[in-house]
Amino acid sequence: MPARRAVTGRSQEPRKRFAEELRLLRAERELPLRKPGEAVGWDWSLFSKMENGETLGGPEVVQALDQYYGTPGLLLTLWELAMGDPTQFKERYRRYMTLEAEAISLWHYAPGVMPGLFQTRAYENTLMGWGTFKGEELTRQVEARLGRHALLEGEDAPSFRAILSETVLRTPLPVRAEWKEQLEYLLTVGERRNVTVQVVLNSAGLYPLGSTDVMFLKPTDGRTVAWVETSHSGQVIEETAAVDRLQLRYGLVRDSKTPTAPALVFATSAWASFVDGVKAGG
């Protein structure tokens, strides 16, 4: 039996369908791109990228467009379907990389894996070698990620605060010499003026964030977005309320150096001494 044709003739791919709907709604009203931008308070260039399928935008801008076009819930539903499409991970990661490159400050919490901006070549090769990358493709991917290190260099480098679970430092690479090199690199980068490292000891017990690997990025427009990642996917979170909830938990961990909570190892000498102990096998 032949496949049934779509009645509307519109795309059945969630991302393309979302972009099509945006273009159609504006075209029906014969509006220039600047018009909805002025009405809802976002730069019109964002709408151009959304209509061209370059980005999906965030839930707040989509909700504002639903209200502007008088389509309650329609665009947000299409946006959720597009965001949930598993083929979108690469696009979401590209979006994250753009945000990272433009950020004026970054905060990271790492529950189990060394932050990408701290990883050596050996760490990258081991981590990415577990996936689908092999041979030359693995080499290209590793080189691309190592190129991110330049983000923390130079006079205009953004500030970067990383909170590491002790688990990160207790999970070595298979080759001891490579693991030692990784820890030495962490110590070297941690000495930079724009980098702050904290370590949460396992003896701290249960604490906020727990297993949530999250990076907070602040672009030049002053807002904060979050990137939450698992071993197989990641998502850019732009909704203000959701980002605020994550930041609150981050802040509770970051600021919990008190006489009643001594299980956090903080800046410079304390955390560096701890890493030296791990490197020596302590």
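# Reasoning from values to names

Tutor: In this predicted model, Arg 223 and Glu 238 form a salt bridge, with 3.1 Å between the closest N and O atoms. The pair links distant parts of the chain, since Arg 223 lies in the loop between β4 and β5 and Glu 238 in the loop between β6 and α11, 15 residues apart.

Student: Why is the contact of Arg 223 with Glu 238 called a salt bridge?

Tutor: The term asks for a side-chain nitrogen of Lys or Arg within 4 Å of a carboxyl oxygen of Asp or Glu. The closest N and O atoms of Arg 223 and Glu 238 are 3.1 Å apart, and therefore the pair meets the cut-off of 4 Å.

Student: What makes Asp 221, Arg 223 and Glu 238 a network?

Tutor: Arg 223 takes part in both links: Asp 221 forms a salt bridge with Arg 223, the closest N and O atoms being 2.5 Å apart, and Arg 223 forms another with Glu 238. The three residues are thus linked in a network of salt bridges.

Student: How do you know whether Glu 238 is buried or exposed?

Tutor: Glu 238 has a relative accessible area of 15%, and buried means under 20%, so Glu 238 counts as buried. Arg 223, with 34%, falls in between the limits of 20% and 50%, and therefore Arg 223 is partly exposed.

Student: Where else does a salt bridge join a buried residue to a partly exposed one?

Tutor: Among the 10 salt bridges of the structure is the one between Glu 166 and Arg 170, with the closest N and O atoms 3.0 Å apart. Glu 166 is buried because its relative accessible area is 9%, whereas Arg 170, at 37%, is partly exposed.

Student: Which residues lie nearest the centre of the second largest pocket?

Tutor: They are Leu 46, Arg 95, Leu 99, Arg 223 and Glu 238, out of 27 lining residues, and the pocket has a volume of about 740 Å³. Helix α6 gives the largest share of the lining, 6 residues, and by class the lining has 7 nonpolar, 9 polar and 11 charged residues.

Student: Why is the pair of Tyr 96 and Trp 227 called stacked?

Tutor: A pair of aromatic rings is described by the distance of the centres and the angle of the planes. For Tyr 96 and Trp 227 the centres are 4.9 Å apart and the planes stand at 25°; centres within 6.5 Å make a pair and planes under 30 degrees apart count as stacked, so this pair is stacked. Tyr 96 in helix α6 and Trp 227 in strand β5 are 131 residues apart, and both residues are buried, Tyr 96 at 3% and Trp 227 at 2%.

Student: What makes the pair of Trp 107 and Phe 216 edge-to-face?

Tutor: Their planes are at 70°, with 6.3 Å from centre to centre, and because planes over 60 degrees apart count as edge-to-face, the pair takes that name. Trp 107 in strand β1 and Phe 216 in strand β4 are 109 residues apart. Phe 216 is buried at 2%, while Trp 107, at 25%, counts as partly exposed.

Student: Which residue joins Trp 107 and Phe 216 in one aromatic cluster?

Tutor: Tyr 250 belongs to that cluster, and Tyr 250 is also one of the buried residues of helix α11.

Key:
Residues are numbered from 1 along each chain as its sequence is written. This is a predicted model: local features need pLDDT of at least 70, side-chain atom pairs count only at pLDDT 80 or more; totals for chains, interfaces and linings use all residues. Side-chain values use heavy atoms; hydrogens and water are left out. Buried means under 20% relative accessible area, exposed over 50%, partly exposed in between (1.4 Å probe, protein chains only). Helices (H or I, at least four residues) and strands (E, at least two) are DSSP runs, numbered from the N terminus. On a 1 Å grid over the protein atoms alone, a cavity is a set of points where a 1.4 Å probe fits but cannot get out, and a pocket is an open set with protein on both sides within 12 Å along at least five of seven lines; lining residues have an atom within 4 Å of a point. Grid points are joined across faces, edges and corners, and a volume is the space filled by probe spheres set on the points. Ala, Val, Leu, Ile, Met, Phe, Trp, Tyr, Cys and Pro count as nonpolar, Asp, Glu, Lys and Arg as charged, and the others, Gly among them, as polar. Rings of Phe, Tyr and Trp (its six-membered ring) pair if their centres lie within 6.5 Å; planes under 30 degrees apart count as stacked, over 60 as edge-to-face and the rest as tilted.
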